[in-house]
Amino acid sequence: MAILVDQTTRLLCQGMTGWAGTYHTNRMIQYGTNVVAGVTPGKGGRSHLDVPVFDRLAEAMAATGANASAVFVPPDRCGSAIIEAIEAEMPLVVVVTERIPVLDMVRVREALAGSRTRLVGPNSQGVLTPGVCQIGVMATDRARPGSIGVMSRSASLTSEIVSQLTAAGLGQSTTVGIGGDAVHGIGFVECLDMFFADPRTDAVVLIGEIGGNEEEEAARYLKAVGTKKPVVALIAGRHAPPQRRMGHAGTLTAQAGADADGKLEQLRRAGVVIAPSAHLVGVTMREVVAKRAA
Amino acid sequence: MELHEFQAKSLLSRYAIASPKGQVALTPDEAELAARDCGSRALFVKAQVQAGDRAQAGGVIRAASAAETRLAAAQLLGRKLVTAQTGRRGHTIKRVLVETGVAAVREFYVAMRIDALAGGLELLAGTGGTGIEARAAALPSAIESVPFGLAGERHPGDTMKLCERIGLAGDTADKFRAVVDSIHRAFVDNDASLIEINPLALTGDGEFVALDAKLVLDDNALFRHPDLAALRDDDVVDEIELEAQRHQINFVQMDGDIGVVVNGAGLGLATLDMLRAAGGSPANFMDIRTTAKSLDIAHGIGLVLDKPHIKVLLVNVFGGGMQPCDTIIEGLGIAFRRKGRVLPVVLRVTGNNEQLARLRLANFNFPKIECSDMWQAVERAVAIARGRT
């Protein structure tokens, strides 16, 4: 099982023939992901990395039965590429591209309303079901199959936490990067919903940070439905200087109610176990899982 | 990227949003001439710095004549203005805006911004003007919110209802809605991420005038607006932070003695948290973007090495697919070679291509302390900074 991606995923890459597209598509194929098509306007009819290339996404879907798309299109054209996928009713679209203009993402969200597409990202490291399917650019060598769901806003911190989980003897069902941008596709709430419904997932790690409302929304959701499975959270940025933008576009500490302590308090009240430090997420989860088994 | 008040008002005037008659001045002479042009006995001389709370900090001076305007300008120009929003270093006043005073019958707060969660735009409006931040903090309902999309209101009629709630009717309500419509068009046309008019004055003649305006543009969309990109005032941004930006590195200056090199925003924030928890004091925040090449990284690390008071460099890297470890270590080596500085370096380098990175590292002759986990690295760096090696 796992969430979002599994053995049945047939991946198509938008912008596959570019430098980044080529490099990462190759990595995904090496990992075992079933890459069935590439889309680059003007390059249809060719083959790249032994994968057929199409001009239009709808054409590629019809010809290959692709059911997920990875988007590596540069920021100035990325919004249009995502909308092309939404209009073709691509079930899953994962966007790695960073620095997309925010109003382009507003346009994407308007196209997404009422559609059949589930969007992950942009500015996401992707989705990984260890040992089965990789869509994205994350480090994969420390990830192991298992039963911990991981969701985050930040790529390198996710790699670190995945590495800690594996070291603690805990594999991962699926890791999802919801992306670092303010306006994005699925959030922590949708991920929690899917992890709670997934029989392969026993517990969930939430890796949050200052800025935005994702953690507050997750807390509200958990209060409403209850922590159906244990959730461990880390919020980075407690000691970031106030009033400064740090890193991610969504990370504006001047935004009201978006500071680390406020987020932690709301999550704690919703029944989430808070990891005391970034280096202790793996051991915190091990304790939580052990307590539950006892 | 934020515009100065005079630039924001000029841009908004293209959308038929009125502001008081005025002119920007770089010298007291120019300010005096501007005052004569205004032809009024009620004048305001306003420091053009990109920070709120200017008036409270003494950045706005009233003048009753051209001569007084000249004095006020002389008093402001070249001075450092420190407001609640500038930080301790403050901003140097390089320009003043000389404006005719406008008598307001009522004042309003109007703004448009991105609503990240809804994935759209949001109109914010309320009565009153100056001091809205404090009032809204005390009473969130002081500011009303109306959802907007790219084409306009999400629910037609919302702005009209908002007008009723804030006590506007008839012709005045129509004019208010015209201002809102202009703000929305200016927002979408120019890829803004915030437009704020505070206060928006309603005059005795029943006209709306923007007494102050703030406009923030989306940096990621500036490629579509070269004319606006050219307005960037590099003086208002920290020189070193700007230099880092040019090399694909997010950098924030701090005042500690531990230089920090990290890839990724989340890991960067987590590293600061751990340093503080271990009793250390970081000299900077660093997030090497995945698009940075080794020469960019060398440049960014060079900026840290330029800080004379740092005692140790902490490198916390988790290499991913976009940016393997060896790229960052290569940048580190180049930076040390260029700067010729001798400084202990505590490294935690793991992830993609970590073996290759370790091979590279063996060629560098700066003092290295390698750690296998990040907490150990943080503790070592703090110990070195405190002279406990």
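Let's start in chain B, where B:P199 sits in strand β10, a run covering residues 192-203. The bond leading into this proline is worth a look: B:N198 and B:P199 are joined by a cis peptide bond, with omega about 5 degrees. Keep in mind that what you're looking at is a predicted model.

Chain A has a cis bond to show as well, running from A:G121 to A:P122 with omega near 15 degrees. Here the proline is in a loop, the one between β7 and β8 (126-129) of chain A. Why pause over such bonds? Because most peptide bonds are trans, and most residues other than glycine have a negative phi.

That second habit has its exceptions here too. A:E89 isn't a glycine, yet its phi is positive, about 60 degrees. You'll find A:E89 in the loop between α3 and β6 (92-95) of chain A. Is A:E89 buried or exposed? A:E89 is exposed, because just 11 other C-beta atoms lie within 10 Å and a count of 12 or fewer earns that label. Over in chain B, B:A16 has a positive phi of about 65 degrees, again without being a glycine. B:A16 belongs to the loop between α1 (5-13) and β1 (22-25) of chain B. With 12 C-beta neighbours inside 10 Å, B:A16 counts as exposed.

Now step back and take in chain A as a whole. It's built from nine helices and 14 strands, and its C-alpha atoms fill a box of roughly 55 × 40 × 30 Å along the principal axes. A compact globule of 294 residues would have a radius of gyration near 19 Å, and chain A agrees, since its own value is 19 Å. Buried residues make up 56% of chain A. Among the contacts in chain A with a separation of 6 or more, 72% link residues that are 24 or more positions apart.

Chain A also splits into two parts: domain 1 (11-120) and domain 2 (138-293). Their centres, taken over C-alpha atoms, are 27 Å apart. Where the two meet, nine residues of domain 1 of chain A are in contact with eight residues of domain 2 of chain A. On the domain 1 side, α4 and β7 (118-120) each supply at least two residues, and α4(A) gives the most, with four. That side has seven nonpolar residues, two charged ones and no polar ones.

So what does α4(A) do inside domain 1? It has a neighbour in α3(A): the two axes come within 9 Å and cross at roughly 5 degrees. The two helices are therefore roughly parallel to each other. In this pairing, A:G79, A:I82, A:I83 and A:I86 from α3(A) meet a set of α4(A) residues, including A:M105, A:V108 and A:L112. By class, the contact between these helices has seven nonpolar residues, one polar and two charged.

Finally, look at where the two chains touch. How many residues of chain A are in contact with chain B? There are 50, and they face 44 residues of chain B. Chain A's side draws at least two residues from each of α1 (19-31), α3 (75-87), α4 (102-112), α5 (155-167) and β12 (203-209). Once more α4(A) turns up, this time with the largest share of that side, six residues. The classes there are mixed: 20 nonpolar, 18 polar and twelve charged residues make up the side of chain A that touches chain B.

How values were computed. Residues are numbered from 1 along each chain as its sequence is written. Chains are lettered from A and ligands numbered from 1 in the order in which they are written. This is a predicted model: local features need pLDDT of at least 70, side-chain atom pairs count only at pLDDT 80 or more; totals for chains, interfaces and linings use all residues. Two residues are in contact if their C-beta atoms, placed from the backbone, lie within 7 Å. Ala, Val, Leu, Ile, Met, Phe, Trp, Tyr, Cys and Pro count as nonpolar, Asp, Glu, Lys and Arg as charged, and the others, Gly among them, as polar. Axes are lines fitted to C-alpha atoms, for helices over the stretch in contact, and angles run from 0 to 180 degrees between N-to-C directions. Angles under 35 degrees count as roughly parallel, over 145 as roughly antiparallel, 65 to 115 as roughly perpendicular and the rest as oblique. The radius of gyration is taken over C-alpha atoms; the globule rule is 2.2 Å times the number of residues to the power 0.38. A residue is buried if 20 or more other C-beta atoms lie within 10 Å of its own, exposed if 12 or fewer, and partly exposed in between; C-beta atoms are placed from the backbone. Domain bounds come from an automatic or database domain assignment.
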